[in-house]
Amino acid sequence: WAMRSVTSPRQPYYFVHKYLGSSFFRNLSSEFKDLGPSRIWMKISLPHEYVGCEAYFRMCATNFRAISVLTSKQTARVAAICTPYSGEYTIDLPPSFTLWSRISRFFKFVATGGSATFDELNKQLNEVRESNRQLESAKKELESLNRTLEAQVQERTAKLTLALQDQLDADKKLHENDLAVTAAVQAYFLPQSESFKTKAGALDLRGFYFPAAVCGGDWWWHEPLDDGRVRILVGDVTGHGPGAAMVTAALSNAYRVLSNERRGAPFPELIQELNRNLREICRGRYLVTMACVELNAESNTGKFWSAAAPPALVTHRDQPSVILQASGTPLGSESFSLGEIEFRFDPGSRAYFFTDGLLEIPKSPGHAFSLRDFVKQTDALSSESSDEVASRIAKIVGVGGGVGRVLSDDVTL
């Protein structure tokens with residue numbers, strides 16, 4: 001093999017491919033092909049995870065031209081295609097020397113040119129190593145910057161979260177204040193006292209109102225009429241909350257104005273005007289159910305009007321309870337109608353008027369407090385005082401006596 005390496009111009013290139021290159025540059029790979037008696041093809045490749053260097057592969061082309069002087073007086077002709085990661089070389093070999101001449105030139109190359117070539121290769125290798133070191137340093141610096149950026153993003157996110165929570169708390173407080181103001185305003189349109197007695201003490205009235213939210217859509221009112229009768233109104237706007245509360249305020253104000261302007265006018269006439277006003281204000285977006293009762297203590301008679309209101313209940317001491325049911329449509333309806341029914345009562349009788357929230361109170365999971373349940377409760381309280389009845393019914397509703405039930409709808413009784 002040693003003789004072939006200095007007697008054939010092909011052998012030094014094969015030696016570089018097979019042994020020399022892999023010994024000095026373990027990260028390079030090489031390929032070798034014979035294209036004819038005096039032509040060979042070589043390819044050197046660098047993996048892409050390293051920094052590419054096209055100049056190195058061009059330098060290899062120069063070295064391949066010079067290697068042929070080991071066996072010939074002429075340099076080889078080299079056609080090179082170089083990229084940063086590979087070099088392809090088609091090499092035309094010159095005629096070879098005599099054996100002695102080849103041996104002489106070989107040792108001369110080793111003594112002089114060979115060491116210079118190796119020095120150049122080592123220089124290129126050191127440059128590659130330095131590039132890799134710089135790349136590693138840049139990588140560590142980038143990782144440090146990423147950690148710093150992540151910390152800054154987390155800090156900024158925490159600050160924004162706190163600022164958003166503070167804004168939400170401020171908005172919630174402002175909303176709660178607005179609701180409290182709305183509830184306070186709504187209270188002005190309700191009776192100042194939940195109890196009322198006629199001068200002669202013939203009629204004794206107790207009432208209460210519990211909104212499902214801070215403010216609600218129920219409204220009730222009572223007033224003495226000029227002829228000695230007493231009128232009681234119970235209204236329920238669809239929904240509850242600020243919107244319904246504002247509608248009840250408008251409805252209450254409209255009724256008071258009409259009642260003063262048309263003093264003595266029959267209730268059906270007043271409610272027709274109320275319906276017209278409500279349609280103009282709400283344009284069908286809100287409807288109102290309403291019950292009205294007028295009681296005459298002298299004749300022990302009463303009239304009950306209903307605009308789609310729940311039925312009323314009249315209990316007697318020695319007779320069965322009577323349910324007052326009258327047809328009608330809600331205020332604000334396009335086609336409005338009013339139901340009317342007359343009834344009698346005796347000394348000791350009680351009449352109950354309420355909104356539908358009373359019949360929506362949960363009695364047990366999946367079951368609501370029904371009209372039948374309410375009749376049983378009122379029958380059991382027939383011998384109690386008015387104050388005790390009001391207190392017991394408040395507990396039944398679940399908003400008194402520490403029960404703390406959450407209402408799904410406003411309750412007025």
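Are Phe267 and Trp305 buried or exposed? I looked up both residues in this predicted model and recorded that Phe267 is buried, as is Trp305.

**Entry: the pair of Phe267 and Trp305**

I next examined how the two rings are placed. Their centres are 5.4 Å apart and their planes stand at 45 degrees; an angle that is neither under 30 nor over 60 degrees counts as tilted, so I entered the pair as tilted. Phe267 belongs to helix 6 and Trp305 to strand 11, so the pair ties together parts that lie 38 residues apart in sequence.

**Entry: other aromatic pairs**

I noted a count of 12 aromatic pairs. One of them joins Phe64 and Tyr89, with 5.0 Å from centre to centre and 85 degrees between the planes, an edge-to-face arrangement. I located Phe64 in helix 3 (residues 54–67) and Tyr89 in strand 4 (residues 86–92), 25 residues apart, and noted that this pair links distant parts of the chain. Phe64 and Tyr89 are both buried. I also found that ring pairs join Tyr13 with Phe64 and Tyr89 in a cluster.

**Entry: strands 8 and 9**

I then turned to strand 8, residues 218–224. Of its 7 residues, 6 are buried, so I describe the strand as largely enclosed by the rest of the structure. Strand 8 runs antiparallel to strand 9 (residues 230–237), and 7 bridges join the two. Within this pairing I traced Trp220 to its bridge partner in strand 9, Val234. The hairpin has 5 residues between the strands, and in it I recorded a positive phi near 95 degrees for Gly228.

**Entry: nonpolar cores**

Which residues have the most contacts inside the largest nonpolar core? I listed Trp219, Leu233, Met290, Phe304, Leu331 and Phe343, in a core of 44 residues. The elements that contribute two or more residues to this core include strand 8, strand 9, helix 5 (242–261) and helix 6 (267–282). Strand 10 (288–296), strand 11 (301–307) and strand 12 (312–315) are also among them. I found a second core, separate from this one, with 23 residues; among them are Ile40, Leu46, Phe64 and Leu125. Phe64 thus appears in my notes both in this second core and in the edge-to-face pair with Tyr89.

**Entry: charges over rings**

Which residue lies over the face of Trp221? I identified Arg256, at 4.2 Å from the ring centre. I made a similar entry for Lys33, which lies over the face of Trp41 at 5.0 Å from the ring centre.

Methods. Residues are numbered from 1 along each chain as its sequence is written. This is a predicted model: local features need pLDDT of at least 70, side-chain atom pairs count only at pLDDT 80 or more; totals for chains, interfaces and linings use all residues. Side-chain values use heavy atoms; hydrogens and water are left out. Buried means under 20% relative accessible area, exposed over 50%, partly exposed in between (1.4 Å probe, protein chains only). Helices (H or I, at least four residues) and strands (E, at least two) are DSSP runs, numbered from the N terminus. Two strands pair if DSSP finds at least two bridges between them. A nonpolar core is a set of buried Ala, Val, Leu, Ile, Met, Phe, Trp, Tyr and Cys residues joined through side-chain atoms within 4.5 Å. Rings of Phe, Tyr and Trp (its six-membered ring) pair if their centres lie within 6.5 Å; planes under 30 degrees apart count as stacked, over 60 as edge-to-face and the rest as tilted. A charge sits over a ring if NZ of Lys or CZ of Arg is within 6 Å of the ring centre and within 35 degrees of the ring normal.
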